Amino acid sequence: MARAGRSAGTKQGDRWETPGRAPGDDTLKPLVVCRRAGGQKTARADGYTLVELVVALPIMALALALFLGATSAAKEVRQVQRQNTVVAEEARIVLERMRNEDWSELYALYNADPADDPEGAGTAPGNHFSIAGFGPPGGVEGEPVGEIIMPAFSHALLGWQLREDKKNELLGMPRDLTGDELVDTYSHAGDYTLMPIIVRVVWQGPCGERRLEVQTVMTEYQR
Ligand SMILES: [Ca+2]
Ligand SMILES: [Ca+2]
């Protein structure tokens, strides 16, 4: 019995054939299901038109670029945040180490002059330090990125001096470093009671130079 809507054909196995086709004829062509009444194919039947592709491809490329850009930016933000955390912790450790030093040796241990190191020339930590996994801008990983800054002044004849009178706005200088309420022109490497300190870290971040500074003032009696 012929089914409704298919009265013009008969079922052969799992195929439908048109009337008049000889039984057993295997030359059956695939049915075209998306033809208009006039026999013309619709655009959707064979995919996208050229106009649709011209419009869609740039939009898809833009969406992909935005997605990749957002992913890359999020990765950089995470890396910057991680580096900031590491650097801040390293700066805190350096300051903590300085607080635990003998007060009378603090300046000699962390200044730029190796000649006055308490245990012999070149034995002190000095005024630079490295952080594992970090490098300076334009440098390589492992090179020093940290600097300890104190009111030190290099005199042409007298060498490094700890001076009250030299201007340094970041350190709040000039100022009295000995507690006598006087600012003089002598070196106070041996009798300071107050020490302004800046720990500065400058490193190569994922998207350029990064910088962190910690400022503090240590005193002989408040450490
Ligand atoms: Ca030194
Ligand atoms: Ca003084």
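User: What makes strand S4 (residues 146-149) and S7 a pair, and in which sense do they run?

Analyst: Happy to help! In this predicted model, S4 and S7 are joined over 4 bridges in the antiparallel sense. Two strands pair if at least two bridges are found between them, so with 4 bridges S4 and S7 count as a pair. One bridge to look for starts at glycine 146, whose partner in S7 is valine 201.

User: Which strands make up the sheet, and in what order?

Analyst: The order is S3-S4-S7-S8, an open sheet of 4 strands with antiparallel pairing. As a reminder, strands of a sheet pair through backbone hydrogen bonds.

User: Why are strand S3 (128-129) and strand S8 (208-219) called edge strands?

Analyst: S3 and S8 are the edge strands because each pairs on one side only. Across S3, S4, S7 and S8 lies helix H1, which runs at about 25° to S8.

User: Why is glutamate 181 called exposed?

Analyst: Try the count: glutamate 181 has 6 other C-beta atoms within 10 Å. A residue is exposed if that count is 12 or fewer, so glutamate 181 is exposed. Glutamate 181 is in the loop between S6 and S7, and although not a glycine, it has a positive phi of about 65°.

User: What is the omega of the peptide bond from methionine 173 to proline 174, and is that bond cis or trans?

Analyst: Its omega is near 5°, and the bond is cis. Proline 174 is in the loop between strand S6 (159-162) and strand S7 (194-205).

User: Which residues touch the most other members of the largest nonpolar core?

Analyst: This core has 22 residues, and Tyr107, Ile148 and Met150 touch the most other members. Helix H1 (50-99), helix H2 (106-110) and S7 each give two or more residues to the core, and S7 gives the most, with 5.

User: How do you know that methionine 150 is in contact with Met195?

Analyst: Contact calls for C-beta atoms within 7 Å. Met195 is listed among the contacts of methionine 150 beyond four places in sequence, so their C-beta atoms lie within that cut-off. The other such partners are Tyr107, Tyr110, Asn111 and Ile197.

User: How confident is the predictor, and where does pLDDT stay under 50?

Analyst: The chain averages a pLDDT of 84, and 78% of the residues score at least 70. Residues 1-20 stay under 50, with 14 contacts beyond four places in sequence. Residues 30-39 are also below 50, and that stretch has 6 contacts beyond near neighbours in sequence.

How values were computed. Residues numbered from 1 in each chain as written. Chains lettered and ligands numbered in written order. Predicted model: local features only at pLDDT ≥ 70, side-chain atom pairs only at ≥ 80, totals over all residues. Buried ≥ 20, exposed ≤ 12 C-beta atoms within 10 Å, placed from the backbone. Core = buried A, V, L, I, M, F, W, Y, C linked by C-beta atoms within 7 Å. Contact = placed C-beta atoms within 7 Å. pLDDT = per-residue confidence, 0-100. Axes fitted to C-alpha atoms, helices over the stretch in contact; angles between N-to-C directions.
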